[in-house]
Amino acid sequence: MTTATRPVPGTSGPASPYQSYVYAYPHKTAYRKLPDRPRLDALWAAEPKDALSLYLHIPFCEVRCGFCNLFTRIGAPDGLTGAYLDALERQASAVREALGEREPVRFATAAFGGGTPTFLTAAELERLCDIAEHRMGADLRAVPLSVEASPATATADRLGVLAARGTTRLSLGVQSFDDTEARAAVRPQRRADVEAALARVRDAGIPVLNIDLIYGIDGQTERSWLRSLDAALAWHPEELYLYPLYIRPLTGLGRRAGGTDPAWDAQRLRLYRLGRDHLLAHGYEQQSMRMFRRTDAPPQGADDYACQTDGMIGLGCGARSYTAALHYSFDYAVGMHEIRGIIDDYVSRPAADFAHAEYGRRIDADEARRRHLLQSLLQAEGLRTDDYRARFDGRTPADDFGAELSRFAARGWLAGDGTDSTLLRLTPEGLAHSDAIGPELFSPAVRAAMAAYERK
Ligand code: SF4
């Protein structure tokens, strides 16, 4: 029996390595309406504000990829993107006011995500940058600024604006260089268009190019996966993200979903290992299960790991904000009809509405420790127990999560036995099983809230 099929204690059946992608903890499905609608100025009063992260969310895409459960809608009727930016500006003003003037407010990183930020026109992207700079006070040219784009919307005029305004990292959602696979993932695109977009990104001179690829697509073979990887490597991207395909409820592919599929799990694990080894052999180092960075790439500073630290200001109707004690956002949905309703509600809000947190989850000491463990352990460099001790009153991960760590060690996922080390680090097999490890560290309360969440 391989680790891929070993049962998880307390559950029946084999443990799929693909439980869920834990990119933020707790997940938004554990958020609930906050009955007291706390005021942002009170929430942020005692928070450190000298190294905040800023995230602006643009919830529009030209198509809805079959695997995507992000908060985004297809297209925008006339005037909606302008109205959305108006609302973003109102929100930015209200949030900036709530942060106060008593102490300096400084943003250490910035990111535009989505959706597809480059769904906006070049002029609208200028406005987006103005909101970040003039309303929020972020110095975009002085900090790492990461922007997501799709091949079709990565046009020269938009990239020109982004480069001129200080973008340091452009992440292109390619998914596959194979036209048939792209269609199978419900992301129809032609390879020639993808290559042309990559050329435009390189011409724009943005220092870091990231390419997203997906494995586990229907019909994908080891050979076709290697072809996609080589096509990406030909652009010498500073970063590559390799994502396992997930089929999630209410997504385009999810309508065809049905139960567990050990053969698909095995295919994804095989392609993962192949992709990992291929990149390691081509001058990349592994940062996490998904992320690979060229060893000679310029230092970037901000990545998805940084986005999960405390002190995040998210603007836009799908963005999260984090204080040490509360994670909050607006309502969440995956279904297209509900998403449209939430965006319409967002654009119609008066400025005063943005001075409150509406949906969220309180983070107590236990959740803070879990979050720290999760976001550190799932990185290839691991968790330094000294950092944990310094942050959590002298306690160690083994004091708080001994049972879980012993379990991971027994499965061969953790270097050492998980109790005595100054560094907790996943083995290569542990990294391969990151999407099983993450959900096992969820608290019972978060697990229950996620299970009780009604999908819409
Ligand atoms: S994967 Fe990206 S481009 Fe595709 S629908 Fe989701 S947010 Fe839009």
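Begin by selecting residues 222-233, which form helix α7, together with residues 262-280, which form helix α8; the axes of these two helices come within 10 Å and cross at roughly 35°. The crossing of α7 and α8 is right-handed. To see what makes the contact, display the side chains of E222, W225, L226 and L229 on α7, and those of L271, L274, G275 and H278 on α8. By class, the residues of this contact comprise five nonpolar, two polar and one charged. The model in the viewer is a predicted one.

Next, colour the protein chain by confidence. Its mean pLDDT is 90, and 91% of the residues reach 70 or more. Two stretches should be viewed with this colouring in place. Over residues 1-14 the pLDDT stays under 50, and the model has 19 contacts beyond four places in sequence for them. Residues 302-308 likewise have a pLDDT below 50, with 15 contacts in the model beyond near neighbours in sequence.

Now turn to the domains. Select residues 31-307 for domain 1 and residues 365-452 for domain 2, as given by the domain assignment. The centres of the two domains, taken over C-alpha atoms, are separated by 26 Å. Where the domains touch, nine residues of domain 1 are in contact with eight residues of domain 2. Which element gives the most to the side of domain 1 that touches domain 2? It is α8, which supplies three residues. That side of domain 1 consists of four nonpolar, three polar and two charged residues. Helix α8 thus appears twice on this tour: in the crossing with α7, and on the side of domain 1 that touches domain 2.

The following stop is the ligand. Select C61, R64, C65, C68, L70, T72, G114, G115, T116, S150 and G173, the residues around it. How many residues of this shell are nonpolar, polar and charged? The shell divides into four nonpolar, six polar and one charged.

Remain with two of these residues, G114 and G115, which are listed around the ligand. The peptide bond from G114 to G115 is cis, with omega near 15°. G115 is found in the loop that lies between β5, residues 107-114, and α3, residues 122-135.

A second cis peptide bond can be displayed by selecting Y25 and P26: the bond from Y25 to P26 has omega near -5°. P26 belongs to the segment before β1, the strand of residues 32-33.

For the final stop, select strand β7, residues 169-175, in which Q175 lies. What is notable in the backbone of Q175 is phi, which is near 75°, a positive value in a residue other than glycine.

Notes: Residues numbered from 1 in each chain as written. Predicted model: local features only at pLDDT ≥ 70, side-chain atom pairs only at ≥ 80, totals over all residues. pLDDT = per-residue confidence, 0-100. Contact = placed C-beta atoms within 7 Å. Near = placed C-beta within 6 Å. Nonpolar A, V, L, I, M, F, W, Y, C, P; charged D, E, K, R; others polar. Axes fitted to C-alpha atoms, helices over the stretch in contact; angles between N-to-C directions. Helix = DSSP H or I, 4+ residues; strand = E, 2+ residues; numbered from the N terminus. Left-handed = near helix turned anticlockwise from the far one by under 90°. Domains from an automatic or database assignment.
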